[in-house]
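Work through these exercises with the structure open beside you. Try each task before you read its solution.

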Amino acid sequence: MINRAWIFLTPAIIVMSLCALLPLIIMINYSVQDSFAGDHFYWVGLRWFEEISRSPEFWEAVLRTLIFSVIVIPLQFIIGIFVARKLFMKHQNPSFFIVLFSVPMLTPWLVVGFVWRLMMDPIYGPLSNAIQQAGITPDLNEVGWAWLTIIIMDIWHWTGLIIVLTFAGYLSISKSHFQAARIDGASPWSTFRYVEIPKLRKVLIIALLLRFMDCFMIYIEPFMITRGGPNVATSFLSLELIQTASIQFDLGKAGAISVFYLLVMITICWFLFRAMDLNSQPARSKT
């Protein structure tokens, strides 16, 4: 007898196959072949992987992407956890603030990049004019200002995700834990460290996974703001991939970079889900 569950899963399996499995097969196929005239392909094996492994431009783009992720993600988590905790502890009706903090992350990426580019315009940009009132002239043609603008933009855009997820995690914590901590005379820091953080661990791991994936693939916003400049200072790995595939039309090399992307994401996902799984396992009783 056929299990009816598979019948209901069939549409989802078909959609996933078309949206994920088929592009993956095409990407891997491109990564081991060279193309001529767009429709003639020749087997080259691991040639493209060897080429990107020896490419200084590729590793510099990877380094810039990692540096950006290491700077942005901790700041977003610090701000997000702080705000979510304040909303949970201090406000009786935080719904308005949750919606308010959700607005930036619901804004399309293209719009976000365009708006921040206009805000930093040296003549018409309101943010640029406000900074100039303090005697400082922001210039996106300088590396420091370009990086600072993109970092602040990403914090504004995605910190709301951390706030929403962390606040949802706080709602799942039983009030009895806080009452027990108060009875024991625990300080706010001790309560945060030994009660709140362990209970929020799974939520924070999921948030870390989502944010790392987005940071490592960031493309539209910095491209709209700086076009990868000045020089290649904000040319992240995603921009390197897009230029290789669409401008140079080097599909084999672009496929190899995409496979590198996939391997990095699979590795990070494995470690994070492993950490979540270890945390969820009940402690073994000592004999």
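**Exercise 1: A ring pair**

Phe58 is buried, with a relative accessible area of 2%. This model is predicted.

Task: Classify the burial of Trp59, then describe how its ring pairs with Phe58.

Solution:
- Step 1. Buried means under 20% relative accessible area, and exposed means over 50%.
- Step 2. Trp59 has a relative accessible area of 41%, so Trp59 is partly exposed.
- Step 3. A pair of aromatic rings is described by the distance of the centres and the angle of the planes.
- Step 4. For Phe58 and Trp59, the centres are 5.0 Å apart and the planes make 75°.
- Step 5. Planes over 60 degrees apart count as edge-to-face. The pair of Phe58 and Trp59 is edge-to-face.
- Step 6. Ring pairs also bring in Phe260, making a cluster of Phe58, Trp59 and Phe260.

**Exercise 2: A pair between helices**

Task: Find which helices hold Trp109 and Trp158.

Solution:
- Step 1. Trp109 and Trp158 pair edge-to-face, at 6.4 Å centre to centre and 65° between the planes.
- Step 2. Trp109 lies in helix H5 (residues 109–119), and Trp158 lies in helix H7 (residues 143–171).
- Step 3. The pair therefore ties together parts 49 residues apart in sequence.
- Step 4. Trp109 is partly exposed at 40% relative accessible area, whereas Trp158 is buried at 11%.

**Exercise 3: Two helices**

Task: How are H8 and H9 oriented to each other?

Solution:
- Step 1. The axes of H8 (residues 175–183) and H9 (residues 188–216) cross at roughly 165°.
- Step 2. Angles over 145 degrees count as roughly antiparallel. H8 and H9 are therefore roughly antiparallel.
- Step 3. Their crossing is right-handed.

Terms used. Residues numbered from 1 in each chain as written. Predicted model: local features only at pLDDT ≥ 70, side-chain atom pairs only at ≥ 80, totals over all residues. Heavy atoms only, no water. Axes fitted to C-alpha atoms, helices over the stretch in contact; angles between N-to-C directions. Helix = DSSP H or I, 4+ residues; strand = E, 2+ residues; numbered from the N terminus. Parallel < 35°, antiparallel > 145°, perpendicular 65-115°, else oblique. Left-handed = near helix turned anticlockwise from the far one by under 90°. Phe/Tyr/Trp six-rings, centres within 6.5 Å; stacked < 30°, edge-to-face > 60°. Buried < 20%, exposed > 50% of the residue type's maximum accessible area, 1.4 Å probe, protein only.
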